[in-house]
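Me: Please take a close look at a single part of this model, the central sheet together with what surrounds it. I should like one connected account, set in the context of the whole chain.

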Amino acid sequence: MRWPMVILSKKSAGLLILSVMGMLMFSVFWQGSSAVVSHFGGQHVVMLDPGHGGYDPGTITNQGVYEKEINLQIAQKVREMLGPSGIKVLLTRDEDIDYVPNGVKGKQTKKQTDLNRRIEMAKEAQADVFVSLHVNATASGKQSGAESFYHYRSESGKSLAEFIQQELIKITGMNRRIAKPGDFYVINNSSMPAVIVEVGYLSSPKERQKLQQSWYQEQLSRAIAKGIANYFEAHN
Ligand SMILES: [Zn+2]
């Protein structure tokens with residue numbers, strides 16, 4: 001009688017271990033996926049706008065650095081980082097393109113046509129917020145650091161810009177600027193809270209180096225993603 005019972009209990013022990021392992025794996029998986037789904041429940045939509053693109057390079061430095069490329073790289077990283085939060089992230093462009101149809105002439109008209117399409121995309125997608133990403137430049141080359149701008153009459157735009165800027169200034173070596181009202185076409189013409197984030201200055205030699213590095217782009221993207229998530233958390 002003893003012999004078969006030992007075998008049985010070994011089998012049961014094995015089965016028990018297997019089922020405990022299975023339950024643990026299931027609960028880890030289940031908790032993981034439910035945390036992703038339940039955090040924001042997929043009801044928040046952000047339209048990220050990598051500034052410029054296509055015919056319009058934005059700032060170009062003597063070293064051949066194109067603003068439009070950095071804007072897109074950062075937008076794609078922000079999307080990646082917001083992925084697990086449940087916030088729906090859309091991009092006005094995911095490649096090097098513009099929205100100016102053939103035949104549209106004139107610098108100003110081309111620029112406005114392009115921007116109007118991006119603003120329209122956010123409206124069509126019923127985005128809650130619009131975040132346009134840029135890199136700054138000045139002739140002197142003395143300025144550096146990130147800046148966030150909002151429409152002076154938009155309380156929620158101001159709040160969004162402040163949440164983003166609060167995270168950006170935590171980055172080591174960053175100037176401690178505050179969010180400011182700004183006069184920009186996209187924030188003046190968006191139907192939802194809109195901000196412009198200038199992530200740094202390509203005219204600053206030191207910052208230009210960092211802006212091209214993925215580790216620095218990741219720091220900027222994490223700050224922007226966190227700022228957006230904090231905004232939705234506060235305005236739920
Ligand atoms: Zn720009």
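Reply: The protein has seven helices and six strands as its secondary structure. The model described here is a predicted one. Along the sequence, these elements succeed one another in the pattern α-β-α-β-α-β-β-α-β-α-β-α-α. Of the protein's 236 residues, 36% count as buried. Contacts across the sequence are also informative: among those between residues at least 6 apart, 77% join residues at least 24 apart.

The sheet itself comes next. Six strands make up an open sheet, arranged in the order 2-1-3-6-4-5, and their pairing is mixed. Its edges are strand 2 (88-91) and strand 5 (180-181), each of which pairs on one side only. Helix 2 (residues 67-82) packs on this sheet and touches strand 1 (45-50), strand 2, strand 3 and strand 6. The direction of helix 2 makes about 140° with that of strand 3.

Strand 6 deserves particular attention, as the mixed character of the pairing can be followed on its two partners. With strand 3 (residues 129-136), strand 6 (residues 194-201) pairs in the parallel sense, over six bridges. Within this pairing, V131 stands opposite V195 of strand 6, and L133 stands opposite V197 of strand 6. With strand 4 (residues 147-150), by contrast, strand 6 pairs in the antiparallel sense, over four bridges. Here F149 is the residue that stands opposite I196 of strand 6. As to its surroundings, eight of the eight residues of strand 6 are buried, so this strand is largely enclosed by the rest of the structure. The cut-off behind that statement is 20 or more other C-beta atoms within 10 Å of a residue's own.

From the sheet one may turn to the helices, beginning with a pair in contact. Two packed helices are described by the angle between their axes and the distance between the axes. For helix 4 (residues 155-168) and helix 7 (residues 214-234), the axes come within 8 Å and cross at roughly 140°. Helix 4 and helix 7 are therefore oblique to each other. Their crossing is right-handed. On the side of helix 4, the contact is made by S159, L160, F163, I164, Q166, E167 and L168, and on the side of helix 7 by A223, I224, K226, G227, I228, N230 and Y231. By character, the residues of this contact divide into eight nonpolar, four polar and two charged.

One residue of the contact may be examined individually. N230 is found in helix 7. Because N230 has 17 C-beta neighbours inside 10 Å, it counts as partly exposed. Its C-alpha lies 6.5 Å from that of F163, although N230 and F163 are 67 residues apart in sequence.

A residue of another helix can be described in similar terms. R117 has its place in helix 3 (residues 107-124). With 15 C-beta neighbours inside 10 Å, R117 counts as partly exposed. R117 and D98 are 19 residues apart in sequence, and 9.3 Å separate their C-alpha atoms in space.

To return to the part in question, strand 6 pairs with strand 3 in the parallel sense and with strand 4 in the antiparallel sense, and helix 2 touches strand 6 as part of its packing on the sheet.

Notes: Residues numbered from 1 in each chain as written. Predicted model: local features only at pLDDT ≥ 70, side-chain atom pairs only at ≥ 80, totals over all residues. Axes fitted to C-alpha atoms, helices over the stretch in contact; angles between N-to-C directions. Helix = DSSP H or I, 4+ residues; strand = E, 2+ residues; numbered from the N terminus. Parallel < 35°, antiparallel > 145°, perpendicular 65-115°, else oblique. Left-handed = near helix turned anticlockwise from the far one by under 90°. Contact = placed C-beta atoms within 7 Å. Nonpolar A, V, L, I, M, F, W, Y, C, P; charged D, E, K, R; others polar. Pairing = 2+ DSSP bridges. Buried ≥ 20, exposed ≤ 12 C-beta atoms within 10 Å, placed from the backbone.
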